[in-house]
Amino acid sequence: MVEANKGLRLYNTLTRTKEDFAPINPANVRMYVCGPTVYDFAHIGNARPVIVFDVLFRLLRHLYGDEHVTYVRNITDVDDKINARAARDFPDLPLNEAIRKVTEATNTQFQADVKALGCLDPSFQPRATEHIDGMKAMIERLVDLDVAYVAEGHVLFSPKRMNARVKSPRYGALAKRSLDEMLAGARVDVASYKEDEMDFVLWKPSKEGEPGWPSPAGIDGLGRPGWHIECSAMSMAKLLEPFGGGLKCDDPQKNVFDIHGGGIDLVFPHHENEIAQSCCAFGTERMANIWMHNGFLQVEGRKMSKSEGNFVTINELLNTETFGGRKWPGEVLRLAMLMTHYREPIDFSVRKLAEAESLLAKWRRKAAGTTPGAVDGTFLSALGDDLDMAEYLRLMNSGDLQPSTLLAAASLIGLDLSELETDVDVAGFVARRLALIAEKNWAEADRIRDELLAQGIQLKDGKDPATGERVTTWEVMR
Ligand code: AMP
Ligand code: ZN
């Protein structure tokens with residue numbers, strides 16, 4: 001049987017090593033993952049942390065019991081990008097009403113997208129606007145502790161003051177950079193009211209018509225929180241009660257949770273700043289014990305992002321023929337994402353999706369008509385080794401695996417093999433035909449094409465725009 005730590009090892013960005021995972025309280029394993037800013041459709045890069053941490057959530061539930069894991073993924077619904085989008089899309093509405101429209105619609109779309117990708121609902125999805133009081137309480141505490149200060153209607157956190165007043169943690173410990181190095185790398189705006197360029201905003205004043213709440217720390221007028229304090233306050237609200245107690249807690253060590261996750265781009269400054277705020281406010285040396293970060297999803301070696309203009313949304317992939325000339329089922333997108341280790345970059349291509357589709361088709365044929373068995377220990381060891389999906393998929397592919405074991409292994413990572421669709425069968429033939437073409441066995445490849453055509457399915461050969469490799473898509477003829 002598994003030991004107290006259940007054999008789980010996770011790579012910790014804090015220590016840059018794989019560590020044995022031992023929860024602070026096995027009756028309530030606690031994980032926080034930074035969620036979306038809801039102003040626009042999520043792209044498939046945004047889906048990566050959602051899928052990766054969904055797999056970890058499922059594994060933790062399997063190991064500790066469904067009732068003993070709390071997973072929080074927040075919704076950032078106050079942000080300048082949201083304000084800008086609301087003003088652009090609804091110029092005739094009062095800004096606050098326009099913002100509500102944008103955040104409601106975007107959040108509804110996001111929930112539908114990630115459900116289609118096979119992700120479970122997290123235990124809690126707090127919205128920033130519901131936790132303003134917690135943010136203000138933390139901000140007051142940070143000002144009292146003299147690591148934050150008020151200037152021209154803003155409250156600013158000072159990393160220099162933190163490092164002068166607090167022995168551990170040091171600001172910069174997660175990013176592993178000195179203050180000088182961080183300053184060189186950060187896009188900090190040099191505002192007149194800042195004591196130091198590194199200082200970051202906890203609270204800022206709102207103009208007339210902008211969303212705003214009565215300000216903390218003796219500031220007159222309405223204001224709104226900075227991005228980093230949102231996650232400190234929401235993790236406090238959902239993960240430190242009733243086990244810790246947030247600001248009311250008399251035992252600082254209770255104000256630590258187990259796992260904090262997000263994309264690698266969040267290490268600095270977002271997570272560094274979350275740690276600074278939470279550790280100073282609670283007097284702890286850590287905010288979370290393990291920090292996990294997924295690598296980027298890339299297109300032709302560049303991060304997929306809105307600013308690069310090289311993105312495709314989850315919704316487009318699922319519901320339109322934008323990518324590779326066809327729609328892609330959610331399970332195919334999910335498996336394609338999981339075929340690469342979560343810390344490695346993924347190159348997103350039609351070829352990768354086609355490969356995932358043919359694997360799924362193969363497994364579905366094998367598992368047809370069976371019911372899931374127990375999850376085999378070898379699968380748990382693979383997943384428990386910092387989510388080693390290469391080994392996990394190798395095990396799923398082994399020829400002598402029982403169909404019932406295959407079904408159980410698929411379901412542990414959130415893949416449903418139970419439906420058998422036309423697409424899925426066709427994908428199997430397409431993969432076989434591509435293999436024949438690679439072997440230059442044209443006669444057999446053509447025979448498969450003609451046989452499918454006789455059944456009303458037309459294959460179309462094309463090229464992956466990213467890699468130039470052959471890809472085959474198909475259409476059901478009417
Ligand atoms: P954003 O909306 O940019 O704040 O991103 C939301 C989440 O998606 C964060 O955890 C990001 O780190 C993550 N993310 C954004 N772009 C990518 C990408 N291309 N690949 C992987 N993760 C990403
Ligand atoms: Zn965050």
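In what order do the 3 strands of the open sheet with mixed pairing stand? In this predicted model, the order is 13-12-14. The edges are taken by strand 13 (302-303) and strand 14 (346-347), and because each has a single partner strand, one side of each is left without a neighbour in the sheet. Between strand 12, which spans residues 297-299, and strand 14, the pairing is parallel and extends over 2 bridges. Within this pair, Leu297 is placed opposite Ile346 of strand 14.

Leu297 also belongs to the surroundings of ligand 1. The ligand is surrounded by 14 residues, of which the closest are Gly45, Gly263, Asp265, Leu297 and Met304. Classified by residue type, this shell comprises 5 nonpolar, 6 polar and 3 charged residues. Polar backbone atoms of three residues lie opposite nitrogen atoms of the ligand: the distance is 2.8 Å for Leu297, 2.9 Å for Met304 and 3.1 Å for Gly45. Of the 480 Å² of accessible area that ligand 1 has on its own, 85% is covered by the protein. Leu297 is thus described twice, as one of the closest residues to ligand 1 and as the residue opposite Ile346 in the sheet.

A second open sheet contains 5 strands in the order 5-6-7-9-8, with antiparallel pairing. Its edge strands are strand 5 (148-151) and strand 8 (213-214), each of which pairs on one side only. Strand 5 is joined to strand 6 (residues 154-157) in the antiparallel sense over 4 bridges. Among the bridge partners, Tyr149 is matched with Leu156 of strand 6, and Val150 with Val155 of that strand. The two strands form a hairpin in which 2 residues separate strand 5 from strand 6. Glu152 lies in the loop between these strands; although not a glycine, Glu152 adopts a positive phi of about 45 degrees.

Further backbone features are found at two proline residues. The peptide bond between Ser168 and Pro169 is cis, with omega of about 0 degrees, and Pro169 is located in the loop between helix 5 (159-165) and helix 6 (179-185). A cis peptide bond also leads from Phe268 to Pro269, where omega is near 5 degrees. Unlike Pro169, which is in a loop, Pro269 is part of helix 8 (residues 267-282).

The interior of the model was examined for enclosed space. A search of the whole structure identifies 3 cavities of 30 Å³ or more, and the largest cavity has a volume of about 50 Å³. The lining of the largest cavity consists of Val52, Val55, Met337, Leu338, Thr340, His341, Tyr342, Leu387 and Met389. At least two lining residues are supplied by each of helix 1 (47-64) and helix 10 (330-338). By class, the lining of this cavity contains 7 nonpolar and 2 polar residues, with no charged residue. The shell around ligand 1, by contrast, includes 3 charged residues.

How values were computed: Residues numbered from 1 in each chain as written. Chains lettered and ligands numbered in written order. Predicted model: local features only at pLDDT ≥ 70, side-chain atom pairs only at ≥ 80, totals over all residues. Heavy atoms only, no water. Near = heavy atom within 4 Å. Polar contact = N/O pair within 3.5 Å; in protein donor to acceptor, adjacent residues only side chain to side chain. Areas by Shrake-Rupley, 256 points an atom, 1.4 Å probe, with all protein chains shown as cover. Nonpolar A, V, L, I, M, F, W, Y, C, P; charged D, E, K, R; others polar. 1 Å grid on protein atoms, 1.4 Å probe; cavity = no way out; pocket = protein on both sides within 12 Å on 5 of 7 lines; lining within 4 Å. Points joined across faces, edges and corners; volume = space filled by probe spheres on them. Pairing = 2+ DSSP bridges.
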